[in-house]
Amino acid sequence: MQPTVVLTIGASDSSGGSGLQADLRTLAALRMHGASVVTAVVSRNTRDVADLYPQPTNVVTAQLTSVLDDLPVAAVKTGILPTPETAVAIAARARNGALPNLVVDPVLTAATGSRRGLIAAYERLLPHASVLTPNREEASALLGWDVVTPEDMAAAASQLSARGPRCVVITGGDFAAGADAIDVLWADGEARVLHSPRISSRNTDGSGATFATAVAARLAAADDADAAVAWAKGFVGRAIGDAAEWRLGNGPGPIDQFGWSSLTLR
Ligand SMILES: Nc1ncnc2c1ncn2[C@@H]1O[C@H](COP(=O)(O)OP(=O)(O)O)[C@@H](O)[C@H]1O
Ligand SMILES: Cc1ncc(COP(=O)(O)O)c(N)n1
């Protein structure tokens, strides 16, 4: 049997916690083949981000053309799109129908240049997204108002769905400790609040990237969006829990997509 191919379009994270490294680890853990298009190179460790070097847009589109000309890509996930030009180029491929089962994880904190320009470019991508996965801050930036409570998240998800994605999940990983991990899913014209136990851990780097990539992987495996989101939420919770005792670096470290910590082999 052949592995399913999923393409991730995003940035390299030198610490290995998030970005393409987290996405490819997630796909490998799910027994899928990951292809990757590098949009930027991020110099960072677990403590801080030192710098982000966008790749020229033609370098990004050349990688995309090479992959799409040959590999049977079943789903696509986007992470950091560092410039409006790059985001517009990706949107053009999506409009041509070249990016199936597209999951858009809008990373706006990493924008270089005009954030407004990047938001405008995202508007062109959203109509082609199967699933959009902003956290509360990213949803706030896309909409221009502060998304705070679960009620806000439901309203925001509804408003974002009007911009074209078939399904929207607003993630609430940053809610105050002690509460459940709450996400709000908008699908088929209604909002649903998804609860899972909040895992206490300082290591949550790459949770959003892992979640969005797991959604893309499950769409590639023919789950519908609700089932893919529910599955991905379970997967990321397990990965956070398994890495809770890790001390890799002095800041928030990576999560355990492979479940290495539950293996007895060391
Ligand atoms: N401590 C946690 N325990 C359980 N699930 C979590 C925890 N932190 C985040 N999640 C889940 O991980 C996924 C990614 O969410 P989030 O952390 O908000 O993304 P981002 O990294 O983009 O901010 C969501 O499904 C969220 O509920
Ligand atoms: C290189 C890099 N750094 C950070 C993120 C955001 O990740 P998350 O959505 O998990 O916060 C990302 N997608 N890529």
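1. Confidence. pLDDT is the predictor's confidence in each residue, from 0 to 100. This is a predicted model. The protein chain averages a pLDDT of 95. A score of at least 70 is reached by 96% of the residues. For the complex, the predictor gives an ipTM of 0.97 and a pTM of 0.97. One caution applies to any prediction: where pLDDT is low, the coordinates should not be read in detail.

2. The sheet. Start with the strands. There are 9 of them in an open sheet. Their order is β3-β2-β1-β4-β5-β6-β7-β8-β9. The pairing is mixed. Which strands sit at the edges? They are β3 (49-54) and β9 (190-196), and each pairs on one side only. In general, strands of a sheet pair through backbone hydrogen bonds, either parallel or antiparallel.

3. A parallel pair. Look at β4 (residues 73-78) and β5 (residues 102-104). These two strands run parallel and are joined by 3 bridges. To find one pairing by eye, go to Thr-78: its bridge partner in β5 is Val-104.

4. An antiparallel pair. Now move to β8 and β9. They pair in the antiparallel sense, over 7 bridges. Trp-186 has Ala-191 as its bridge partner in β9. The two strands form a hairpin, with 2 residues between them. Check the turn as well: Asp-188 there has a positive phi of about 50°.

5. A helix on the sheet. Helix α2 (residues 57-68) lies across three strands, namely β1 (5-13), β2 (33-44) and β4. Against β2, helix α2 runs at about 165°.

6. Ligand 1. How many residues surround ligand 1? The count is 18. The closest are Asn-135, Thr-171, Gly-173, Ala-181 and Gly-208. Four elements each supply at least two residues of this shell: β7 (167-172), β8 (181-187), α7 (207-220) and α8 (225-242). The largest share, 4 residues, comes from α8. By type, the shell around ligand 1 divides into 5 nonpolar, 9 polar and 4 charged residues.

7. Ligand 2. Around ligand 2 there are 14 residues. Ala-11, Asp-13, Gly-19, Gly-79 and Gly-208 come nearest. Which elements give two or more residues to this shell? They are β1 and α7. The residues around ligand 2 divide into 5 nonpolar, 7 polar and 2 charged.

8. Reading the two shells together. Find Gly-208 in the model. This residue is among the closest to ligand 1, and Gly-208 is also among those nearest to ligand 2. Helix α7 likewise appears in both lists: it supplies at least two residues to the shell around ligand 1, and α7 gives two or more to the shell around ligand 2.

Methods:
Residues are numbered from 1 along each chain as its sequence is written. Chains are lettered from A and ligands numbered from 1 in the order in which they are written. This is a predicted model: local features need pLDDT of at least 70, side-chain atom pairs count only at pLDDT 80 or more; totals for chains, interfaces and linings use all residues. Two strands pair if DSSP finds at least two bridges between them. Two residues are in contact if their C-beta atoms, placed from the backbone, lie within 7 Å. Axes are lines fitted to C-alpha atoms, for helices over the stretch in contact, and angles run from 0 to 180 degrees between N-to-C directions. A residue is near a molecule or strand if its C-beta atom, placed from the backbone, lies within 6 Å of it. Ala, Val, Leu, Ile, Met, Phe, Trp, Tyr, Cys and Pro count as nonpolar, Asp, Glu, Lys and Arg as charged, and the others, Gly among them, as polar.
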